[in-house]
Amino acid sequence: MSTAEDKQPHHHGNLRAALVAAGIAMLERGERFSLRAVAREVGVSQTAPYRHFPDKAHLEAAMASAGFETMKQRMETVLARSTPYSQVLTDLALSYVHFAAENPALYDLMFSISACGDDRLSASAEVFALLEETVAEHYPRVDTYGLTTAGWSMAHGLASLYLSGQLPVTTAEELDARVTGAFSAVLSLAAADGP
């Protein structure tokens with residue numbers, strides 16, 4: 001005889017994904033969460049999450065991985081648009097900063113040393129690889145790894161400064177202008193050796 005607990009994963013389709021999404025939602029709402037709290041949020045038994053995550057740290061790692069996957073998808077959307085090559089890296093940086101501004105708690109978790117697991121590092125590496133490919137395509141005569149690292153570092157720094165209140169902007173337009181200005185300054189130097 002099947003129990004309600006056995007049927008719940010079928011109701012949710014993908015219980016693991018539902019638990020990760022619930023954890024992210026609770027995190028962004030500023031709620032304390034645990035595997036049991038996420039189970040309640042999803043509407044499954046308190047033991048159900050343990051089929052997918054041995055502990056909260058592994059759930060957090062999966063949440064961080066999901067954050068990187070979403071970030072990558074947003075960047076792929078930027079790259080799918082018809083954009084002048086001189087604007088592509090700036091648009092990717094804007095996408096990065098917007099993601100951080102819209103998901104501050106998840107963004108913090110994504111770069112937290114407490115988020116364990118190879119999946120998080122693999123998901124982060126995929127974002128870097130996408131950026132590196134884009135740099136190689138648009139700036140073939142510069143140090144691809146160096147410019148990619150600089151670009152990621154700049155976008156990350158701008159996002160972190162914004163989230164900590166240390167970037168003096170009050171509107172989304174001002175934030176975009178700061179990001180665009182910073183990248184224009186650096187990319188104008190790289191463009192001297194670009195196509």
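I take two rings of Phe, Tyr or Trp to pair if their centres lie within 6.5 Å, and a pair to be edge-to-face if the planes are over 60 degrees apart. The model I examined is predicted.

Entry 1, the aromatic cluster. I looked up which residues form one aromatic cluster and found Phe68, Tyr96, Tyr107, Phe111, Phe128, Tyr145 and Trp152. My search of the whole structure returned six aromatic pairs.

Entry 2, Phe68 and Phe111. I found the ring centres of Phe68 and Phe111 5.3 Å apart with the planes at 80°, so I recorded the pair as edge-to-face. I then placed the two residues in the chain: Phe68 belongs to helix α4 (residues 56-80), while Phe111 lies in the loop between α6 (104-110) and α7 (118-138). They are 43 residues apart, and the pair links distant parts of the chain. I noted Phe68 as buried, at 1% relative accessible area. For Phe111 I noted 29% relative accessibility, which counts as partly exposed.

Entry 3, Tyr96 and Tyr107. I recorded this aromatic pair as edge-to-face, with 6.0 Å from centre to centre and 90° between the planes. Tyr96 is in helix α5 (residues 85-102) and Tyr107 is in helix α6, eleven residues apart, and I noted that this pair links distant parts of the chain. I checked accessibility for each partner: Tyr96 is buried at a relative accessible area of 2%, and Tyr107 is buried at 3%.

Entry 4, a charge over a ring. I found the charged end of Lys56 over the ring of Phe33, 4.8 Å from the ring centre.

Notes: Residues numbered from 1 in each chain as written. Predicted model: local features only at pLDDT ≥ 70, side-chain atom pairs only at ≥ 80, totals over all residues. Heavy atoms only, no water. Phe/Tyr/Trp six-rings, centres within 6.5 Å; stacked < 30°, edge-to-face > 60°. Helix = DSSP H or I, 4+ residues; strand = E, 2+ residues; numbered from the N terminus. Buried < 20%, exposed > 50% of the residue type's maximum accessible area, 1.4 Å probe, protein only. Lys NZ or Arg CZ within 6 Å of the ring centre and 35° of its normal.
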